[in-house]
Amino acid sequence: MRQLVVGSLAGILSLSMSASAGERTWYVGIEGGAERGGAFNDSNQSEIGPAVLATVGRKLGPNFSLEGELGYRSTNEEMFTLADIDQISAMVNAVYEVPVSEGISLSLGAGIGVDYIQVRGGGFWPVPIDDSDIQSAAQLKFGLNFEVGETTDLYANYRLMTTFENDFTDIDNSTLTLGLRFAL
(Lines give C-alpha, C1' and ligand atoms only; values in the text may rest on other atoms or scores of the structure.)
Protein backbone atom coordinates (compact mmCIF):
# COMPACT_ATOMS: atom_id res chain seq x y z
CA MET A 1 0.00 0.00 0.00
CA ARG A 2 2.85 2.37 0.85
CA GLN A 3 4.39 1.86 -2.62
CA LEU A 4 1.04 2.63 -4.28
CA VAL A 5 0.64 5.87 -2.33
CA VAL A 6 4.23 6.94 -3.12
CA GLY A 7 3.70 6.07 -6.79
CA SER A 8 0.43 8.04 -6.89
CA LEU A 9 2.12 11.06 -5.33
CA ALA A 10 4.97 10.83 -7.85
CA GLY A 11 2.42 10.79 -10.66
CA ILE A 12 0.65 13.86 -9.30
CA LEU A 13 3.97 15.67 -8.88
CA SER A 14 4.86 14.87 -12.49
CA LEU A 15 1.92 17.07 -13.46
CA SER A 16 3.90 20.07 -12.24
CA MET A 17 6.59 19.80 -14.96
CA SER A 18 7.07 23.14 -16.71
CA ALA A 19 5.36 23.76 -20.03
CA SER A 20 7.02 25.47 -22.94
CA ALA A 21 6.16 29.16 -23.40
CA GLY A 22 2.92 30.00 -25.13
CA GLU A 23 1.27 26.59 -24.72
CA ARG A 24 -2.05 26.19 -22.94
CA THR A 25 -1.34 22.80 -21.45
CA TRP A 26 -3.00 22.90 -18.01
CA TYR A 27 -6.71 22.34 -17.39
CA VAL A 28 -9.19 21.87 -14.55
CA GLY A 29 -12.49 20.04 -14.69
CA ILE A 30 -15.54 19.52 -12.50
CA GLU A 31 -18.19 16.89 -13.13
CA GLY A 32 -21.25 15.42 -11.49
CA GLY A 33 -23.45 12.45 -12.18
CA ALA A 34 -24.64 9.05 -11.02
CA GLU A 35 -22.80 6.21 -9.28
CA ARG A 36 -23.80 2.58 -9.20
CA GLY A 37 -21.78 0.20 -7.02
CA GLY A 38 -21.97 -2.75 -9.40
CA ALA A 39 -20.60 -5.44 -7.12
CA PHE A 40 -20.15 -5.24 -3.37
CA ASN A 41 -18.86 -8.60 -2.16
CA ASP A 42 -20.16 -10.15 -5.40
CA SER A 43 -23.62 -8.68 -4.78
CA ASN A 44 -25.52 -6.84 -7.49
CA GLN A 45 -28.19 -5.16 -5.37
CA SER A 46 -26.98 -1.56 -5.19
CA GLU A 47 -28.96 1.57 -5.86
CA ILE A 48 -27.91 4.62 -7.86
CA GLY A 49 -26.42 7.54 -5.91
CA PRO A 50 -24.62 10.84 -6.57
CA ALA A 51 -21.02 11.28 -7.76
CA VAL A 52 -18.89 14.44 -7.90
CA LEU A 53 -15.36 14.54 -9.35
CA ALA A 54 -12.69 17.18 -9.92
CA THR A 55 -9.60 16.92 -12.12
CA VAL A 56 -6.40 18.88 -12.67
CA GLY A 57 -4.49 17.86 -15.76
CA ARG A 58 -1.64 18.65 -18.07
CA LYS A 59 -1.51 17.92 -21.78
CA LEU A 60 1.79 16.24 -22.66
CA GLY A 61 1.12 16.27 -26.40
CA PRO A 62 -1.72 16.92 -28.82
CA ASN A 63 -3.60 13.77 -27.77
CA PHE A 64 -2.10 12.61 -24.45
CA SER A 65 -2.58 14.02 -20.95
CA LEU A 66 -1.92 13.13 -17.32
CA GLU A 67 -4.38 14.17 -14.65
CA GLY A 68 -4.97 13.99 -10.93
CA GLU A 69 -8.55 13.23 -9.94
CA LEU A 70 -10.43 13.55 -6.65
CA GLY A 71 -13.88 11.98 -6.44
CA TYR A 72 -16.79 11.44 -4.07
CA ARG A 73 -19.34 8.68 -4.63
CA SER A 74 -22.26 7.53 -2.52
CA THR A 75 -24.64 4.63 -2.96
CA ASN A 76 -26.81 2.20 -1.01
CA GLU A 77 -26.27 -1.54 -1.03
CA GLU A 78 -28.74 -4.21 0.03
CA MET A 79 -26.73 -6.51 2.34
CA PHE A 80 -29.14 -8.22 4.74
CA THR A 81 -30.50 -4.66 5.32
CA LEU A 82 -29.73 -1.42 3.50
CA ALA A 83 -26.15 -0.11 3.93
CA ASP A 84 -24.80 3.32 2.96
CA ILE A 85 -21.49 3.27 1.11
CA ASP A 86 -19.50 6.51 0.76
CA GLN A 87 -16.21 6.67 -1.15
CA ILE A 88 -13.53 9.30 -1.62
CA SER A 89 -11.03 8.42 -4.32
CA ALA A 90 -7.72 9.96 -5.40
CA MET A 91 -6.49 8.78 -8.78
CA VAL A 92 -3.77 9.53 -11.33
CA ASN A 93 -5.08 9.01 -14.87
CA ALA A 94 -3.38 8.74 -18.25
CA VAL A 95 -5.82 9.87 -20.97
CA TYR A 96 -5.58 9.59 -24.76
CA GLU A 97 -7.93 11.68 -26.95
CA VAL A 98 -8.98 10.57 -30.41
CA PRO A 99 -10.33 13.41 -32.61
CA VAL A 100 -13.61 12.51 -34.32
CA SER A 101 -14.40 15.81 -36.07
CA GLU A 102 -13.83 19.53 -35.54
CA GLY A 103 -14.37 20.18 -31.82
CA ILE A 104 -15.42 16.59 -30.95
CA SER A 105 -13.19 13.85 -29.56
CA LEU A 106 -13.34 10.53 -27.78
CA SER A 107 -11.10 9.91 -24.77
CA LEU A 108 -9.79 6.65 -23.38
CA GLY A 109 -7.97 6.51 -20.07
CA ALA A 110 -6.75 4.37 -17.21
CA GLY A 111 -5.84 5.32 -13.68
CA ILE A 112 -4.49 4.05 -10.38
CA GLY A 113 -4.86 5.42 -6.89
CA VAL A 114 -6.58 4.90 -3.57
CA ASP A 115 -10.20 4.71 -2.45
CA TYR A 116 -11.40 5.52 1.08
CA ILE A 117 -14.55 3.47 1.66
CA GLN A 118 -16.98 3.91 4.56
CA VAL A 119 -19.84 1.44 5.06
CA ARG A 120 -22.63 2.14 7.57
CA GLY A 121 -25.74 0.07 8.30
CA GLY A 122 -26.51 -3.37 6.95
CA GLY A 123 -25.17 -6.47 8.67
CA PHE A 124 -27.06 -8.82 10.96
CA TRP A 125 -29.54 -7.15 13.31
CA PRO A 126 -28.81 -5.93 16.01
CA VAL A 127 -25.14 -5.53 14.99
CA PRO A 128 -24.95 -3.09 12.06
CA ILE A 129 -21.77 -2.55 10.05
CA ASP A 130 -19.86 0.69 10.69
CA ASP A 131 -16.42 0.34 9.15
CA SER A 132 -14.02 2.14 6.85
CA ASP A 133 -10.94 1.19 4.88
CA ILE A 134 -8.42 2.67 2.45
CA GLN A 135 -7.78 0.42 -0.52
CA SER A 136 -5.76 0.52 -3.71
CA ALA A 137 -7.91 1.10 -6.78
CA ALA A 138 -7.76 1.16 -10.57
CA GLN A 139 -10.14 2.49 -13.18
CA LEU A 140 -10.88 2.66 -16.88
CA LYS A 141 -12.33 5.90 -18.22
CA PHE A 142 -14.23 6.49 -21.48
CA GLY A 143 -15.34 9.96 -22.58
CA LEU A 144 -16.95 12.08 -25.26
CA ASN A 145 -15.70 15.70 -25.45
CA PHE A 146 -17.31 18.73 -27.11
CA GLU A 147 -15.46 22.02 -27.54
CA VAL A 148 -17.92 24.79 -26.54
CA GLY A 149 -15.47 27.68 -26.44
CA GLU A 150 -11.84 28.51 -27.04
CA THR A 151 -10.87 27.35 -23.54
CA THR A 152 -13.95 25.32 -22.47
CA ASP A 153 -15.06 21.74 -23.15
CA LEU A 154 -18.29 19.99 -22.23
CA TYR A 155 -17.76 16.28 -21.70
CA ALA A 156 -19.40 13.05 -20.59
CA ASN A 157 -17.35 10.32 -18.88
CA TYR A 158 -18.05 6.73 -17.96
CA ARG A 159 -15.73 5.14 -15.38
CA LEU A 160 -15.31 1.55 -14.23
CA MET A 161 -13.39 1.45 -10.93
CA THR A 162 -12.42 -1.50 -8.75
CA THR A 163 -10.64 -1.91 -5.42
CA PHE A 164 -8.07 -4.61 -4.60
CA GLU A 165 -8.41 -5.77 -0.99
CA ASN A 166 -9.83 -9.06 0.23
CA ASP A 167 -12.11 -7.95 3.04
CA PHE A 168 -15.78 -7.04 3.08
CA THR A 169 -15.28 -3.69 1.34
CA ASP A 170 -14.23 -4.86 -2.13
CA ILE A 171 -16.24 -2.70 -4.53
CA ASP A 172 -16.62 -2.45 -8.30
CA ASN A 173 -18.16 0.85 -9.41
CA SER A 174 -19.62 2.31 -12.55
CA THR A 175 -19.98 6.09 -12.71
CA LEU A 176 -21.57 8.23 -15.42
CA THR A 177 -20.86 11.98 -15.26
CA LEU A 178 -21.26 15.21 -17.19
CA GLY A 179 -18.76 18.03 -16.72
CA LEU A 180 -16.95 21.15 -17.82
CA ARG A 181 -13.21 21.45 -18.43
CA PHE A 182 -11.39 24.80 -18.55
CA ALA A 183 -7.94 25.41 -20.06
CA LEU A 184 -5.66 27.54 -17.89
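How many aromatic pairs does a search of the whole structure find? The search of this predicted model returns zero aromatic pairs. Aromatic rings still enter the picture through a charged partner, R181. The charged end of R181 sits over the ring of Y155, at 4.5 Å from the ring centre. R181 also lies over the face of Y27, here at 5.7 Å from the centre of the ring.

A look at the overall architecture helps to place these contacts. The protein contains one helix and eight strands, and the order along the sequence is α-β-β-β-β-β-β-β-β. Of the 184 residues in the protein, 40% are buried.

Where do the enclosed and open spaces lie? A search of the whole structure for cavities of 30 Å³ or more finds one, and the largest cavity holds about 70 Å³ of space. Both Y27 and R181 belong to its lining, together with K59, S65, E67, V95, E97, S107, K141, N145 and N157. Strand 3 (64-79), strand 4 (81-101) and strand 6 (127-147) each contribute at least two residues to this lining. By residue class, the lining of the largest cavity consists of two nonpolar, four polar and five charged residues.

The largest pocket, in turn, encloses about 520 Å³ of space. Its lining comprises 24 residues, and those nearest the pocket centre are K59, E97, S105, E147 and D153. Two of these names, K59 and E97, are also found in the lining of the largest cavity. At least two residues of the pocket lining come from each of strand 1 (26-40), strand 4, strand 5, strand 6, strand 7 (152-163) and strand 8 (171-183). The pocket lining is made up of eight nonpolar, nine polar and seven charged residues.

Which residues form the largest nonpolar core? This core has five members, namely A83, I85, I117, V119 and I171. Strand 4 and strand 5 each supply at least two residues of the core. V119 makes a good example from this group, with its place in strand 5 (residues 104-124). V119 counts as buried because its relative accessibility is 0%, against a cut-off of under 20%. Another core member, I85, is 34 residues away from V119 along the chain, yet the C-alpha atoms of the two are separated by 4.7 Å.

Strand 3 offers two further positions to consider, E69 and S74. Is E69, a residue of strand 3, buried or exposed? E69 is buried, since its relative accessibility comes to 4%. The C-alpha atom of E69 is separated by 7.0 Å from that of L53, with the two positions 16 residues apart in chain separation. S74 is likewise located in strand 3. With a relative accessible area of 15%, S74 falls under the 20% limit and therefore also counts as buried. For S74 and I88, which are 14 residues apart along the chain, the C-alpha atoms are separated by 9.0 Å.

Returning to the starting point, the model has zero aromatic pairs, while R181 has its charge over the rings of Y27 and Y155. R181 and Y27 appear once more among the residues that line the largest cavity.

Conventions:
Residues numbered from 1 in each chain as written. Predicted model: local features only at pLDDT ≥ 70, side-chain atom pairs only at ≥ 80, totals over all residues. Heavy atoms only, no water. 1 Å grid on protein atoms, 1.4 Å probe; cavity = no way out; pocket = protein on both sides within 12 Å on 5 of 7 lines; lining within 4 Å. Points joined across faces, edges and corners; volume = space filled by probe spheres on them. Helix = DSSP H or I, 4+ residues; strand = E, 2+ residues; numbered from the N terminus. Nonpolar A, V, L, I, M, F, W, Y, C, P; charged D, E, K, R; others polar. Phe/Tyr/Trp six-rings, centres within 6.5 Å; stacked < 30°, edge-to-face > 60°. Lys NZ or Arg CZ within 6 Å of the ring centre and 35° of its normal. Buried < 20%, exposed > 50% of the residue type's maximum accessible area, 1.4 Å probe, protein only. Core = buried A, V, L, I, M, F, W, Y, C linked by side-chain atoms within 4.5 Å.
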